[in-house]
Amino acid sequence: MPGSCLTGWKQQTAHQICRLSVKTDSPFRKIDPQSDHVSVRFDGEALMLPCGENLAGVLLVAGVMPFRYTPVSGAPHGPFCMMGACYDCLVQIDGMTVQACMLQVTEGMHINMAPAGGGCDV
């Protein structure tokens, strides 16, 4: 019989999706363009970033990418999870390799790309 399958089901029915609660508010805060900006340096380049904001987020907004290169393949990496689980946003601040997504912007930060042989490649 044309148009049928072995189970006897002749046509697909459209599935209706019901949403019981729809949140319209964004869970993300907007970066206030009027907030206090502070001077930081990323690999020697001066940047003005909003004080107190998430470091990884504002570096992305400022166009900084990649944050590091992996030691084995040299692949570029940047923020992925934004909650400290993936280690893709590693940067070096004051000689310490840290996760940019777990820090807030402060005045005078000297940020460098994390060294490829840092020993914490994920």
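Helices (H or I, at least four residues) and strands (E, at least two) are DSSP runs, numbered from the N terminus. With that in hand, Cys101 can be placed in the loop between E6 and strand E7 (110–113). Everything in these close-ups comes from a predicted model.

**View 1. The whole chain, before zooming in.** The chain has one helix and seven strands. Reading along the sequence gives the pattern β-β-α-β-β-β-β-β. Of the chain's 122 residues, 27% count as buried.

**View 2. The five-stranded sheet runs E2-E1-E7-E5-E6.** This sheet is open, and its pairing is mixed. At its edges stand strand E2 (45–50) and strand E6 (96–99); each has a single partner strand, so one side of each is left without a neighbour in the sheet. On average, neighbouring strands of the sheet are turned by 40 degrees against each other, direction ignored. A general point for anyone tracing side chains here: in a regular strand they alternate between the two faces of the sheet.

**View 3. E5 and E6 make a hairpin with Asp94 in between.** Strand E5 (residues 90–93) pairs with E6 in the antiparallel sense, over four bridges. Want some register marks? Leu90 has Gln99 of E6 as its bridge partner, and Gln92 has Thr97, also in E6. Two residues sit between the strands of this hairpin. Asp94 has its place in the loop between E5 and E6, and takes a positive phi of about 55 degrees although it is not a glycine. Most residues other than glycine have a negative phi. Is Asp94 buried or exposed? Its relative accessible area is 66%, and exposed means over 50%, so Asp94 is exposed.

**View 4. Arg68 reaches Asp88 and Tyr87.** What does Arg68 form a salt bridge with? The partner is Asp88, and the closest N and O atoms are 3.4 Å apart. The count for the model comes to one salt bridge. This pair links distant parts of the chain: Arg68 belongs to strand E3, Asp88 to the loop between strand E4 (76–77) and E5, and 20 residues separate them. Both Arg68 and Asp88 are buried. For Arg68 the relative accessible area is 3%, and buried means under 20%, so the label follows directly. A polar atom of the Arg68 side chain also lies 3.4 Å from the backbone oxygen of Tyr87.

**View 5. Arg68 again, this time beside Pro115.** Strand E3 covers residues 68–69, and Arg68 is in it. Arg68 and Pro115 are 47 residues apart along the chain, yet their C-alpha atoms are separated by 7.2 Å.

**View 6. Phe42 and Phe67 pair up in a tilted arrangement.** The count comes to one aromatic pair. In the pair formed by Phe42 and Phe67, the rings are 6.3 Å centre to centre, with 50 degrees between the planes. Planes under 30 degrees apart would count as stacked and those over 60 as edge-to-face, which is why 50 degrees lands in the tilted class. The pair links distant parts of the chain, 25 residues apart: Phe42 is in strand E1 (residues 37–42), and Phe67 is in the loop between helix H1 (55–61) and E3. Phe42 and Phe67 are both buried.

**View 7. A cis peptide bond in the loop between H1 and E3.** Pro66 lies in this loop. The bond joining Met65 and Pro66 is cis, with omega at about 0 degrees. For context, most peptide bonds are trans.

**View 8. Cysteines without disulfides.** How many disulfides does the count come to? It comes to zero. Cys81 is in no disulfide; its nearest cysteine sulfur, that of Cys86, is 3.6 Å away. A disulfide needs the two sulfurs within 2.5 Å, so that distance does not qualify. Cys81 is partly exposed, at 23% relative accessible area, and Cys51 is partly exposed too, at 40% relative accessibility.

**View 9. Met82 and Cys101 come together from two loops.** Met82 lies in the loop between E4 and E5, whereas Cys101 lies in the one between E6 and E7. They are 19 residues apart in sequence and 5.3 Å apart in space, C-alpha to C-alpha. Cys101 counts as buried at 7% relative accessibility, while Met82 counts as partly exposed at 36%. Look at the Met82 backbone as well: its phi is positive, near 60 degrees, in a residue other than glycine.

Note on methods. Residues are numbered from 1 along each chain as its sequence is written. This is a predicted model: local features need pLDDT of at least 70, side-chain atom pairs count only at pLDDT 80 or more; totals for chains, interfaces and linings use all residues. Side-chain values use heavy atoms; hydrogens and water are left out. Buried means under 20% relative accessible area, exposed over 50%, partly exposed in between (1.4 Å probe, protein chains only). A polar contact is a pair of N or O atoms within 3.5 Å; within protein, one must be able to donate a hydrogen and the other to accept it, and residues adjacent in sequence count only if both atoms are side-chain atoms. Rings of Phe, Tyr and Trp (its six-membered ring) pair if their centres lie within 6.5 Å; planes under 30 degrees apart count as stacked, over 60 as edge-to-face and the rest as tilted. Two strands pair if DSSP finds at least two bridges between them. Axes are lines fitted to C-alpha atoms, for helices over the stretch in contact, and angles run from 0 to 180 degrees between N-to-C directions. A salt bridge is a side-chain nitrogen of Lys or Arg within 4 Å of a carboxyl oxygen of Asp or Glu.
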